[in-house]
Amino acid sequence: ASPAAEPAKDPTDAPSLDLDGIPSLSLPPPLIPFRVYGHNFLGKRTRIHIRMQSDSRTGRSPVSFVDARDMVSLRLVAVARPDAGMVPHTVMLPMDTPTATFGFQTDCVEQFRLEFLLYPSFGLQPIGKAVALPSMFAKDSSGVARLPLLDRYLKLVAEISFDFLVVRPFEGAQLQIGGKVETYWKSTNPSQQQGGPGPTVPAASLGFGSPASRPAPASGVSGISAASPMSVADSTVGGSAYGGIPIVISSSLAAEHVCIQVQVCRDSVPVVSSQMYVDLGEPSGTRLRIHGLMYDEFRRVVGAAQAKADAAGAGCGPVPSAETGTATEWHRYLRDSGLALEDVLEILPPRFGVNIQVLDNSLSWSGTNSTIGSARHDTNAYIDAILKTIYKDSAKHMRRGGASQDAAEPDAGGQRNTIFCSYSPTVCVALNWKQPNYAVFLLTTGREPLDSRSPVSARGAASAAGAPSFGPSTNHLSLKEAVRFACTNNMLGIMCSASLLTRVPALIDSIKSNGLVAISFGPENRDEQLCAAQKEHGVDAIMCDGAIQYEPDLSLEYAI
């Protein structure tokens, strides 16, 4: 007999769906940190960098009205023409920050123009319009622009002022992993929202420790004072500390770096010298600006000065040993050697990285003695001359044996770890946008610069401790503005004065909470107790006696 057919099921008898039983589709945070190689760069386009400044103390504003109109609430819109999909930028007036920076990228700077439209905060009818013509950006690499703002009846309403920088692409730069140039990288922990689940940052970070999980600072250390959490929150760009911002926990910058100061002669030859000029001595008392001299002229003047110093027993001394010489010994030998950067990279052992501080040539020291040779380099040509030397040195190492597989222990045939730094925001922007292979740091004292009328004492104090040279490009940025600037321009980190970090160690958290690397410099770093206290607060590296020491790359383990 055939089996009995099963009765048909009533669809209404189907069990109801349990929506609460559906598993969550959200993925857990990755266990392996992200490794990011290099940073954004121009490629073949040109970047127009605009900066507007406001100062409530002096009454300076990017928009100055002709009449006594109160700037209650306005918005200034900057639009690039011809419009090639570039997003307009809006600046609210009055500005709530001292500076406002933005930029546009274009394929042809000779056809680029910038239009400024001034609107009331709530309205579509423009109050006035100003136009920056292509000739302004095609003629100069940098400058200060002042444009008249006219209304619909062509009457003058106000004047707009801003600083601009034209960053042109550098030929030969490319982001290629395992290519001809070894590109730096950084690893970050997965970003986590405050109060939410997420991995714990290991106690040891890029250098000496992460501020997210570290032991309490040592008590009784001279010069270290606690800071309130308000100082940390007020200094962060993203708001609350560690709120959704990845923290750098590892990097390829693991070698010991020798610090040198570099500037460019008039014939585009980069030279190593911590002095902005060479002194001819008595009886003339004349100083010659280095960037106003040809390289051969510079070498003759420096050679004569070094001969006198050697005779007096105050010269550079013998060349340190390539096998046993320390980074500090090499720094002291190279600091005022007057050698070309190409020759310095040739004689410096490849086991050392190099930290190149680029001295800005835009301003001169003010002093009583006369200064000759004040010609100013084009910013792009100035930076390109340095980058060409660095890339040429990398090509030499490639021909000698190829790139090293271990960034922490480079061999004689491996490429050298190279980083750039400068007090000048203009130099940092140009260095960062022209190439993706080398990290760029902004130098800052976090306060007003030293008195420019006393360059000798300022430079002497810095050089004695192996710290970056103070110069006319020493910026006036507060630490909060320096952090914002570094984040906006996608830099790796900040080098900050140890005198500030030792007084307010919570500022180290402020730097690191914005995804930046924190490096300390200054004569305070000769004190072992102050160095230990900075390490416990999470500083990533310390510059002392002309050397920067990073910790080797650490194992990346997380406790979930």
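Buried here means under 20% relative accessible area. By that cut-off, buried residues make up 50% of the 560 residues in the protein. The model is predicted.

## Overall build

The protein holds 12 helices and 24 strands. Its accessible surface comes to about 26,400 Å². Carbon and sulfur atoms account for 54% of that surface. Contacts reach far along the chain. Among those between residues at least 6 apart in sequence, 72% join residues at least 24 apart.

## Two covered helices

Helix 7 spans residues 425–434. Nine of its 10 residues are buried, so helix 7 is largely enclosed by the rest of the structure. The buried set runs from Pro425 through Val427, Cys428, Val429, Ala430, Leu431, Asn432 and Trp433 to Lys434. A lysine, Lys434, is thus listed among the buried residues of helix 7.

Helix 4 is mostly covered, with six of its eight residues buried. These are Ala327, Thr328, Trp330, His331, Tyr333 and Leu334. What do they pack against? The partners are helix 5 and four strands: strand 13 (257–264), strand 14 (270–272), strand 23 (541–544) and strand 24 (547–549).

## Leu348 and Leu154: two loop leucines

Leu348 sits in the loop between helix 5 (341–347) and strand 17 (353–358). Leu154 also belongs to a loop, between strand 9 (142–150) and strand 10 (156–167). Which of the two is buried, and which is exposed? Leu348 has a relative accessible area of 3%, under the 20% cut-off, so Leu348 counts as buried. Leu154 has 67%, over the 50% cut-off, so Leu154 counts as exposed.

The contacts of Leu348 fill in the picture. Leaving aside residues up to four places away in sequence, Leu348 touches Val258, Trp330, Leu334, Gly353, Val354 and Arg416. Trp330 and Leu334 are among the buried residues of helix 4. Val258 is 90 residues from Leu348 along the chain, yet their C-alpha atoms are separated by 9.1 Å.

Leu154 has a different setting. Together with Val66, Leu150 and Leu156, Leu154 forms a nonpolar patch on the surface. The four residues have about 390 Å² of accessible area together.

## Salt bridges

A search of the whole structure finds 13 salt bridges. Three of them are tabulated here.

| Pair | Closest N to O distance |
|---|---|
| Arg113 and Glu115 | 3.6 Å |
| Arg335 and Asp336 | 3.8 Å |
| Glu342 and Lys396 | 3.4 Å |

The pair Glu342 and Lys396 links two helices. Glu342 lies in helix 5 and Lys396 in helix 6 (residues 379–401), so the pair ties together parts that are 54 residues apart in sequence. Glu342 has 31% relative accessibility, which means it counts as partly exposed.

Salt bridges that share partners also join Arg81, Arg113, Glu115 and Lys129 into one network. Within that network, how accessible are Arg113 and Glu115? Arg113 is partly exposed, at a relative accessible area of 32%. Glu115 is buried, at 8% relative accessibility. Asp336, from the remaining pair in the table, is partly exposed at 29%.

## Pocket and cavities

The second largest pocket contains about 710 Å³ of space. Its lining takes in 24 residues. Nearest its centre lie Gln275, Ala305, Gln306, Ala309 and Asp336. Asp336 therefore has two roles in this account: a pocket-lining residue and the salt-bridge partner of Arg335, with partial exposure at 29%.

Which elements give two or more residues to the lining of this second largest pocket? They are strand 15 (277–279), helix 3 (295–311) and helix 4 (327–334). Helix 3 gives the most, with seven residues.

Closed spaces are present too. The count comes to six cavities of 30 Å³ or more. The largest cavity holds about 120 Å³ of space and is lined by 13 residues. Glu182, Tyr184, Arg416, Asn417 and Thr418 lie nearest its centre. Arg416 appears here as well as among the contacts of Leu348.

Terms used. Residues numbered from 1 in each chain as written. Predicted model: local features only at pLDDT ≥ 70, side-chain atom pairs only at ≥ 80, totals over all residues. Heavy atoms only, no water. Buried < 20%, exposed > 50% of the residue type's maximum accessible area, 1.4 Å probe, protein only. Contact = heavy atoms within 4.5 Å. Patch = residues over 30% accessible without salt bridge, like charges linked within 9 Å, V, L, I, M, F, W, Y side chains within 5 Å. Areas by Shrake-Rupley, 256 points an atom, 1.4 Å probe, with all protein chains shown as cover. Salt bridge = Lys/Arg side-chain N within 4 Å of Asp/Glu carboxyl O. 1 Å grid on protein atoms, 1.4 Å probe; cavity = no way out; pocket = protein on both sides within 12 Å on 5 of 7 lines; lining within 4 Å. Points joined across faces, edges and corners; volume = space filled by probe spheres on them.
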